[in-house]
Amino acid sequence: MTRPRRLSLLLFALLVSATLSACGVHESKGLVRTADTEGTYLDINGLKYQVEVSRQMNVYDTQDKPYMVGIPKAQQHLDPDQIWFGVFMRVQNEGSKPLRPSDDVQISDTQGKVYRPIGLQQVNTYAYRSYDYVPAGQIEPLMDTPGYDTPARGLMILFKLTLTTLNNRPLVMKIEGRGTPQQTGLIDLDV
């Protein structure tokens, strides 16, 4: 075999191995599932997660006010460079037993800044709750619930982001599953 051909094969092998190692394993925690856009279903440890829509929220907007109740008092203040950001998500359980959705959800930007959700109080009937089981064969939000009766038909996860973060797109939502081996979902958010 000639030297240029051997070098080409070696480079090809390195490229393939790098590509394969980047797909599927995340910090030895399990499989990684990715979605290039909202609306794609991601199977993560027995549940299907789908971001319906993500958008900036406005506490003074009549349509947004019902979503913004139940923010803990310590979290209600926004700094001048902060915004409220809501991610509306559906969670489907196609299995035969109830499952709890992920309690490890975050958003990150291209600069590595990570944001965790605001824990909304029980009074907020539109909130995503990781401690509520998704019934077997059902989709959260369930029919005839406030979350289902919204245009997004999703449960809201509320974040405080900075204006700088909006410039550091794409924003990626990371969902860590509860099963073993733990699976991770990565979704590019449409901002």
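Me: A strand here is a DSSP run of E, at least two residues, numbered from the N terminus. With that settled, where is D109 found?

Reply: Keep in mind that this is a predicted model. Strand β5 covers 104–108 and β6 covers 114–115. D109 belongs to neither run; its place is the loop between β5 and β6.

Me: Which side chain of opposite charge is nearest to D109?

Reply: D109 is buried, yet no salt bridge goes with it. A salt bridge needs the nitrogen and the carboxyl oxygen within 4 Å. The nearest candidate is 7.8 Å away, and that side chain is K113.

Me: Which residue has its backbone nitrogen 2.9 Å from a polar atom of the D109 side chain?

Reply: K113 turns up again here, since the D109 side chain reaches the backbone nitrogen of K113, but at 3.0 Å. The backbone nitrogen at 2.9 Å is that of Q111.

Me: What does D109 touch beyond its neighbours within four places in sequence?

Reply: Setting those neighbours aside leaves a short list of contacts. D109 is in contact with T165, N168, P170 and L171.

Me: Which strands are at the edges of the five-stranded sheet?

Reply: The sheet is open, its pairing is mixed, and its order runs β1-β10-β9-β5-β6. An edge strand pairs on one side only. That fits β1 (32–35) and β6.

Me: What is the bridge partner of D104 in β9?

Reply: Strands of a sheet pair through backbone hydrogen bonds, either parallel or antiparallel. Here β5 and β9 (residues 171–176) take the antiparallel sense, over five bridges. In β9, the partner of D104 is E176.

Me: How many residues apart in sequence are the parts that E94 and K48 tie together?

Reply: These two form a salt bridge, with their closest N and O atoms 3.4 Å apart. E94 lies in the loop between β4 (82–92) and β5 while K48 is in β3 (residues 47–57), so the tied parts are separated in sequence by 46 residues.

Me: Is D64 buried or exposed?

Reply: D64 meets R55 in a salt bridge at 2.6 Å, N to O. R55 is partly exposed at 29%. D64 has a relative accessible area of 4%, and anything under 20% counts as buried.

Me: Which residue does R178 meet in a salt bridge?

Reply: R178 is in the loop between β9 and β10 (184–189), and its partner is in the loop between β4 and β5, 75 residues apart. R178 is partly exposed at 33%, whereas the partner is exposed at 53%. The N to O distance is 3.8 Å, and the partner is D103.

How values were computed: Residues are numbered from 1 along each chain as its sequence is written. This is a predicted model: local features need pLDDT of at least 70, side-chain atom pairs count only at pLDDT 80 or more; totals for chains, interfaces and linings use all residues. Side-chain values use heavy atoms; hydrogens and water are left out. Helices (H or I, at least four residues) and strands (E, at least two) are DSSP runs, numbered from the N terminus. Buried means under 20% relative accessible area, exposed over 50%, partly exposed in between (1.4 Å probe, protein chains only). Lys and Arg count as positive and Asp and Glu as negative; His and the chain ends are not counted. A polar contact is a pair of N or O atoms within 3.5 Å; within protein, one must be able to donate a hydrogen and the other to accept it, and residues adjacent in sequence count only if both atoms are side-chain atoms. Contact means heavy atoms within 4.5 Å. Two strands pair if DSSP finds at least two bridges between them.
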